[in-house]
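Let's walk through this one together, starting at the metals and working outward. Have the viewer open as you read.

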Amino acid sequence: MKILLIIADGLGDRPFESLGWKTPLEAAHKPNLNTLAKEGMIGLIDPIKPGIIPGSDTSHLNYLGYDPFKYYTGRGPFEAMGTGLTLRGGDVAFRANFATVDEKGVVIDRRAGRIREGTPELSKPLNMKIEDVEILFKEGTEHRAALVLRGQGITTNVTDNDPHAENLRPKEIVATSNDGKKTARILNEFYNRSLDILKSQRVNADRKKAGLKEANAILYRGGGVVPALPNFSDRHSMSGGYIAGVALVAGICKLIGLKDFTPKGVTGSTDTNVLGKFSAAVQALEEVDFVLVNVKGTDVAGHDGNGIVKKEFIEKIDKVLGETIMKIRSDILICFTGDHSTPASVKEHTSDPVPILLHYPGCRRDGVGEFDEIKAKDGYLRLRGSDLMNVLLSSANRSEKYGA
Ligand code: ZN
Ligand code: ZN
C-alpha cells in the first residue's frame, strides 16, 4: 500500500477566545477530515516526546525515522539545502535574513518589510571568496536566505550578528572558542562587504522609490555543520517524494534523498496553492511509494496569533482534500497530522501533543467522527514522533515481523 503523509504545519492549538474558546481545528467546518476520522482512527502524537517543544526540522526528522538527538546539527544546514544549494558534508551553514538598517547602521526591520521580489538579484553578488573560504549565499522564501561557508578551519563556534530585536545594531561576531577566530573574522568581513554591495543594487533603489524598506543588510544566526543522513529509500525500503513550499522542510527531504514534486508557485504561507500541492501529491503517488506533503499556512497563522485565519486555512485544506485525496482514499494509506502545535494564543510552538488521523482500507474504526484536539482523547492513537514511520509502514503492510 502507498503512503501519503500530510503535515499541516503547526496544526495543534488551544482554545481561542474569538472562536468561542474552541481550537481552530475544532471550530473549522471540515466535512472531509471528519469523514476520514469516521472511517479511520484518530488520536494524539507527541512530535518529539512529551514536554519537548519541537522545531519543524527536529519534528520532521523524527517523523521520517531520523532521531533528531542523533542527527540534528542546527537549523542552518537544513534551510540552506532547501534553497536549492548543493552542500557538502562539513560545510557550515547559517540562517540569514535580508534586513533593513538605517544610516546609523541600526536595524529598523529584521525582515526588510518581508521582501518578496528581487532577492535572487540581491543574492547573486553576495557569493564571493574571503581569504581561502568560499561564501555561498542563496535566497529562500520572502526575507529568508542561506549563508554557507566552505573551506578549511571553518567552525560553528561563533556568536550571531542578529540582534534578534529592532532598534539595535547588528552584533559583532566573536569566537566562542579558539578555533572560531577565523570563522568570526570572515563573517564580520562578509557583513561589511555585503553592506556596500547591497546599497548599490537597483532592487533597493526601486524599493526606496516605491516607499518600501530596503534590503540593505544581512543578519545571520544558528550556524550548523551539514550532517550526513542515511538515504530514506535504503532505510525504509520504499521510494519517496515530497511537496513542500518551505525551505526548511524541503531541505530535510532533499538531504535524505526524497524526490521533489513541489509545483511552482507554492509560497509556504496562508495564500499558498493547496490545490496545486494536493494534486501534485496524487500524481506523485503514481510514481513513488511514499509522499510527504507539508502545508505551512496553519503555522503562519498560529505565529501571527490569528486563530480565525488558521481556522479558515484548515477549511481550505479540507475543501481541497475533497477535490483530490478523498477520491483515492480507498487505495492508499493517509495520515493527516501536524509537526507540532502553534497555538494562536501563544504565537509560538508549544509541546502540546498534536491531533493525528490514520485512514487506510480495512483499518479499525475507533468510532470518533470528528477530528480535533479535544475529540482526539476518544481515539485509539497515542504516539510519539519516533513511532510514526513504524506505524505507517506496518499499517501499509510494508514491514517485517519482529521475531518468529
Ligand atoms: Zn513546523
Ligand atoms: Zn513555526
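**Two zincs and a buried strand**

D299 and H303 sit four residues apart in helix α12 (residues 297–303), about one turn of the helix. Keep in mind that this is a predicted model. D299 counts as buried because its relative accessibility is 2%, while H303, with a relative accessible area of 27%, is partly exposed.

What do these two residues hold? Together with H349 they coordinate the zinc ion (ligand 2): D299 gives two OD atoms, and H303 and H349 each give NE2, at 2.0 to 2.5 Å. Along the chain, the donors of this zinc ion (ligand 2) are spaced D-x3-H-x45-H. The geometry isn't neat. The four donor atoms around the zinc ion (ligand 2) subtend angles of 55 to 145°, so the arrangement is irregular. For four donors to count as tetrahedral, all angles would have to lie between 85 and 135 degrees. Don't read too much into a sparse-looking site, though, because water is not among the atoms and sites may look incomplete.

Now look for the other metal. The zinc ion (ligand 1) is separated from the zinc ion (ligand 2) by 4.6 Å. Its protein donors are D9 (OD), S56 (OG), D339 (OD) and H340 (NE2), and they lie 1.9 to 2.1 Å from the zinc ion (ligand 1). Is the arrangement here tetrahedral or irregular? Around the zinc ion (ligand 1) the four donor atoms subtend angles of 103 to 125°, and that makes it tetrahedral. The ideal angle for four tetrahedral donors is 109.5 degrees.

The sequence spacing for the zinc ion (ligand 1) reads D-x46-S-x282-D-H. D9 and H340 link distant parts of the chain, 331 residues apart: D9 is in the loop between β1 (2–8) and α1 (24–27), and H340 is in the loop between β12 (332–337) and β13 (354–359). Both D9 and H340 are buried.

Next, follow the chain to strand β11 (residues 290–295). Six of its six residues are buried, so β11 is largely enclosed by the rest of the structure. Both faces are covered, with F290, L292 and N294 buried on one side and V291, V293 and V295 buried on the other.

Which strands pair with β11? One is β1, which runs parallel to β11 over six bridges; I6 stands opposite V293 in β11. Strand β9 (residues 240–244) is also parallel to β11 and is joined to it by five bridges, and here G240 stands opposite F290.

Notes: Residues are numbered from 1 along each chain as its sequence is written. Chains are lettered from A and ligands numbered from 1 in the order in which they are written. This is a predicted model: local features need pLDDT of at least 70, side-chain atom pairs count only at pLDDT 80 or more; totals for chains, interfaces and linings use all residues. Side-chain values use heavy atoms; hydrogens and water are left out. Donors are N, O and S atoms within 2.8 Å of the metal (3.2 Å for Na, K and Ca); water is not among the atoms, so sites may look incomplete. Four donors count as tetrahedral if all angles lie between 85 and 135 degrees; four count as square planar and six as octahedral if opposite donors are over 155 degrees apart and all others between 65 and 115; anything else is irregular. Helices (H or I, at least four residues) and strands (E, at least two) are DSSP runs, numbered from the N terminus. Buried means under 20% relative accessible area, exposed over 50%, partly exposed in between (1.4 Å probe, protein chains only). Two strands pair if DSSP finds at least two bridges between them.
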